[in-house]
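Work through the exercises below with the sequence and the model open. Each task is followed by a solution in steps.

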Amino acid sequence: MKEIRTVAVLGSGTMGTGIAGVCANAGCEVLLLDMDQAACDKAKQNLTAGRSPIVKDEALLANIKTGSFENDLAAIADADWICEAIIENVDIKRSMFGKIEPIRKDGSILTTNTSGIPLKDIYQGMPERMQQDIAVTHFFNPVHIMKLVELVPGENTRPEVIETLGHFLGTTLKKGVVYAKDTVNFIGNRIGCFWMLTGMNLAEKAMKNDGLTIETVDALMSTPVGFPATGLYGLIDLIGLDVMYNVGKNLDINLPADDYGRKFTALTDNVQKLHDQGQLGRKTGGGFYKLTRHDDGSKTMEVFDITHHHWRDAKPHTLSDSEQSINALFSNDEPNGRFMQDIMATTLCYTADLVPDISIDIVNVDRAMRWGFGWKKGPFELIDELGAKTLIDLVNSEGMGMPKMLQVMIDADESTFYRKNGEEHLGTDGNWHTVSA
Ligand SMILES: NC(=O)c1ccc[n+]([C@@H]2O[C@H](COP(=O)([O-])OP(=O)(O)OC[C@H]3O[C@@H](n4cnc5c(N)ncnc54)[C@H](O)[C@@H]3O)[C@@H](O)[C@H]2O)c1
């Protein structure tokens, strides 16, 4: 297998800088390029700044050389791996790959860090050599903290390219590698964005009909199901409503015509108003929540009432005994339980219908959600906790089509997706397979 020792990172924005930093930490020689050298130099210096610096040892900065696309592109000829992390625009990315293809050495590997552009839209019509050497390496933000990297081959990518990248990302960079297919938003964001966009829509229905609050929704959509403490609205405050708006637009354009996710690609009217008035989240000083630090050192947390459009003091929701786990919530016929049944059944069924279209197996899906979204259990592990029969009965009682992987389970006459303490998983062929390390 080829080894990656020299890396060229194109783009010194949030992601490019993070990728350059983790490669420098791992002892690689890194070339970091951007439109102007000054931006690159500044990005390099920032690598050791802050409370959780990307590069902890100043000496490692010597591993990074900087430059500009205009003056230094020729230096990519030395790189074993060229990772593109420039602006999310297919024409600009294609133009960049067009420039580097004649310069790079034979056997070097090209990847794009795109979060949503199909890889084939980038390589279509490009020389055969490039089509054989290109893949997606989708790092998650912040690069030095998030474990997940999605690795996606194109139709003509050589298997050695994926093997080399898989080994480098997993062993040298110590990332969690998930093997995904070249489909809209790959795995993590396909499911995670569905969960967030559908969640906002269903939550507002529950707020209007049953009086749930943002705090209740966030308390329910966190600990009981093993999701991070930010819950739904707290997470969207972190990501930013502008990003969510663009994600929704991208899904609207690219999702297959019959995809269930099409139902909720738009923000609700109330949330769209927040977006339009620039109340985007933490980066604008407040979104759904606003934290105020007072001169005496105390803090107050306010929450924005999205139906009545005003700020009020936050009132954290204390979970009752019947709200402590996914199983408790599915036996709970109160509004809070019904809301969680709605969002979790929808998300789990959506996911179960996406395999094998977006992933060769359920293991990569579960890993993507654990490593990229901080879920304690992935969707198929959650179905096992809940009991697949509960979902299957629900699908039958609603007269809906059976999600693909649930149908595989029914046909194989099995009742779980994992067995032997997670050592084996149910494959798309209905047989048991060893879970790879
Ligand atoms: N930020 C995230 O959370 C995240 C996560 C995963 C993937 N991504 C993807 O990573 C890539 C980079 O995103 P980012 O968040 O680092 O963006 P960013 O805005 O921080 O950086 C973008 C970089 O592109 C450069 N650029 C802008 N216009 C250019 C042009 N015409 N030609 C060449 N370079 C140009 C900029 O100088 C900048 O360095 C995108 O494809 C994005 O979708 C982002």
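**Exercise 1. The ligand shell**

Task: In this predicted model, state which residues come nearest to the ligand and describe the shell by class and by element.

Solution. Step 1: The ligand has 19 residues around it, and those that come nearest are Gly13, Met15, Ile86, Glu88 and Asn141. Step 2: Sorted by class, the shell holds nine polar, eight nonpolar and two charged residues. Step 3: Helix H1 (residues 14-25) supplies three residues, the largest share of the shell.

**Exercise 2. A parallel pair and its crossover**

Task: Determine how strands S2 and S3 are joined, and which handedness their unit with helix H2 has.

Solution. Step 1: Strand S2 (residues 29-34) and strand S3 (residues 64-68) run parallel and are joined by five bridges. Step 2: Within this pair, Asp34 is opposite Ser68 in S3. Step 3: Together with helix H2 (residues 37-46), S2 and S3 form a β-α-β unit, and this unit is right-handed.

**Exercise 3. A three-stranded sheet**

Task: Give the strand order of the sheet that contains S9, S10 and S11, and explain why one side of S9 and of S11 has no neighbour in the sheet.

Solution. Step 1: The sheet is open, its three strands follow the order S9-S10-S11, and the pairing is antiparallel. Step 2: Strand S9 (289-293) and strand S11 (310-313) are the edge strands; each has a single partner strand, so one side of each lacks a neighbour in the sheet. Step 3: From one strand to the next, the twist averages 35°. Step 4: Four bridges link S11 to strand S10 (residues 299-305) in the antiparallel sense, and Val303 faces Arg312 in S11.

**Exercise 4. Burial of two residues**

Task: Classify Glu323 and Lys389 as buried or exposed, and place each in the chain.

Solution. Step 1: Glu323 belongs to the loop between S11 and helix H13 (326-330). Step 2: There are 20 other C-beta atoms within 10 Å of Glu323, and 20 or more is the cut-off for buried, so Glu323 is buried. Step 3: Beyond its neighbours within four places in sequence, Glu323 has contacts that include Leu220, Pro224 and Asn336. Step 4: Lys389 lies in helix H17 (residues 388-398). Step 5: Lys389 has 11 other C-beta atoms within 10 Å, and 12 or fewer counts as exposed, so Lys389 is exposed.

**Exercise 5. Separation in sequence and space**

Task: State how far Lys389 is from Gly374, and Glu323 from Lys249, C-alpha to C-alpha.

Solution. Step 1: Lys389 and Gly374 are 15 residues apart along the chain, and their C-alpha atoms are separated by 26 Å. Step 2: For Glu323 and Lys249, the separation is 74 residues in sequence and 34 Å in space.

Note on methods:
Residues numbered from 1 in each chain as written. Predicted model: local features only at pLDDT ≥ 70, side-chain atom pairs only at ≥ 80, totals over all residues. Near = placed C-beta within 6 Å. Helix = DSSP H or I, 4+ residues; strand = E, 2+ residues; numbered from the N terminus. Nonpolar A, V, L, I, M, F, W, Y, C, P; charged D, E, K, R; others polar. Pairing = 2+ DSSP bridges. Axes fitted to C-alpha atoms, helices over the stretch in contact; angles between N-to-C directions. Right-handed = clockwise from strand over helix to strand, strands pointing away. Contact = placed C-beta atoms within 7 Å.
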